[in-house]
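Welcome, and please open your viewer. We will go from stop to stop, selecting a few residues at a time and looking at what is there.

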Amino acid sequence: MIEISLKNVLFDKGVSLPGPASGKIVFSVSGHAGSGVKGEDVVCAAVSALAQTLVLSVGKIAGIGGSLEHGSGVLRMEIDSGSLTERQNTALGILLESFLIGAGEIMKQHPSSVRIDCDKD
């Protein structure tokens, strides 16, 4: 199963991000869908494409840096919410919402292969 986790993020009729004093925003995708042969799993490929596009867009569109971990079956990004400008915070919210809309649609079609967990500490 692919586990998508967002810490310090709520998604309910839009994305809600923490204030500057709330620490880190953490985005991670881990696991494998198991819905096809390795290298041919369309669920894994779809989620991977969305996650990689999110990470690239956070840097290129929002101008936000963060710590990044990636490897086989893992992509994780941490962002210090205290360092974000108002524009960056707005852009990050839009990018995360777009990612969650796409990932949510994949989860609806493949509920046994994808799980999304958002929480705001």
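In which loop is N8 found? Select N8 and look along the chain to either side: N8 is in the loop between β1 and β2 (10-11). Keep in mind throughout the tour that this is a predicted model. Is N8 buried or exposed? N8 is buried, as its relative accessible area is 5%. Now check the backbone angles of N8, where phi is near 70°, a positive value in a residue other than glycine. For comparison, most residues other than glycine have a negative phi.

**Stop two: helix α1**

Next, select residues 42-60, which make up α1. How far apart are the end C-alpha atoms of α1? They are 26 Å apart, and this agrees with the 27 Å that 19 residues should span at 1.5 Å a residue.

Colour the buried residues of this helix: V43, C44, V47, A51, L54, V55, S57 and V58. To see what covers the buried residues of α1, show the strands β1 (2-7), β4, β5 (67-71), β6 and β7 (114-119), together with α2, all of which are included in that cover.

**Stop three: the cap at D41**

Step back along the chain to D41, which is found in the loop between β4 and α1. What does D41 do at the N-terminal end of α1? D41 caps that end, with a side-chain oxygen 3.0 Å from the backbone nitrogen of V43. Draw a second distance, from a polar atom of the D41 side chain to the backbone nitrogen of C44, and you should read 3.2 Å.

D41 is buried, since its relative accessible area of 8% falls under the 20% limit for that word. Leaving out residues up to four places away in sequence, D41 touches A33, G34, S35 and G36.

Stay here and select H32, G34, G36, V37, K38, G39, E40, D41, C44 and A45, which line the second largest pocket. This pocket holds about 150 Å³ of space. Its lining divides into 3 nonpolar, 4 polar and 3 charged residues.

**Stop four: the largest pocket**

Now select S48, Q52, G71, V74 and L75. Of the 16 residues that line the largest pocket, these lie nearest its centre. How much space lies in the largest pocket? The figure is about 270 Å³.

Four elements, β4, α1, β5 and β6, each supply at least two residues of this lining. Which of the elements gives the most? That is α1, with 7 residues. By class, the lining of the largest pocket has 9 nonpolar and 7 polar residues, and no charged ones.

**Stop five: an enclosed space**

For the next view, hide the surface and select I25, F27, L54, V58, M77, I79, L92 and L96, the lining of the largest cavity. The elements giving two or more residues to this lining are β4 (24-31), α1 (42-60), β6 (74-80) and α2 (86-109). The volume of the largest cavity is about 40 Å³, and the count of cavities of 30 Å³ or more comes to 1. What classes of residue are in this lining? There are 8 nonpolar residues, with no polar and no charged ones.

**Stop six: helix α2**

Select α2, a helix of 24 residues. From its first C-alpha to its last, α2 reaches 35 Å, close to the 34 Å expected at 1.5 Å a residue. Its buried residues are Q88, A91, L92, G93, L95, L96, F99, L100, A103, G104 and I106.

Then pick I94, whose place is also in helix α2. Is I94 buried or exposed? I94 is exposed, because its relative accessible area is 55%, and exposed means over 50%. Select V15 as well: the C-alpha atoms of I94 and V15 are separated by 7.5 Å, while the two residues are 79 residues apart along the chain.

**Last stop: S113**

Finish at S113, in the loop between α2 and β7. S113 is buried, with a relative accessible area of 6%. Which residues is S113 in contact with, leaving aside its neighbours within four places in sequence? Show M1, I2, A33, S35 and V43 to see these contacts. You have met V43 before: its backbone nitrogen is the one that lies 3.0 Å from a side-chain oxygen of D41.

Definitions and conventions: Residues are numbered from 1 along each chain as its sequence is written. This is a predicted model: local features need pLDDT of at least 70, side-chain atom pairs count only at pLDDT 80 or more; totals for chains, interfaces and linings use all residues. Side-chain values use heavy atoms; hydrogens and water are left out. On a 1 Å grid over the protein atoms alone, a cavity is a set of points where a 1.4 Å probe fits but cannot get out, and a pocket is an open set with protein on both sides within 12 Å along at least five of seven lines; lining residues have an atom within 4 Å of a point. Grid points are joined across faces, edges and corners, and a volume is the space filled by probe spheres set on the points. Ala, Val, Leu, Ile, Met, Phe, Trp, Tyr, Cys and Pro count as nonpolar, Asp, Glu, Lys and Arg as charged, and the others, Gly among them, as polar. The expected span of a helix is 1.5 Å times one less than its number of residues. Buried means under 20% relative accessible area, exposed over 50%, partly exposed in between (1.4 Å probe, protein chains only). Contact means heavy atoms within 4.5 Å. A polar contact is a pair of N or O atoms within 3.5 Å; within protein, one must be able to donate a hydrogen and the other to accept it, and residues adjacent in sequence count only if both atoms are side-chain atoms.
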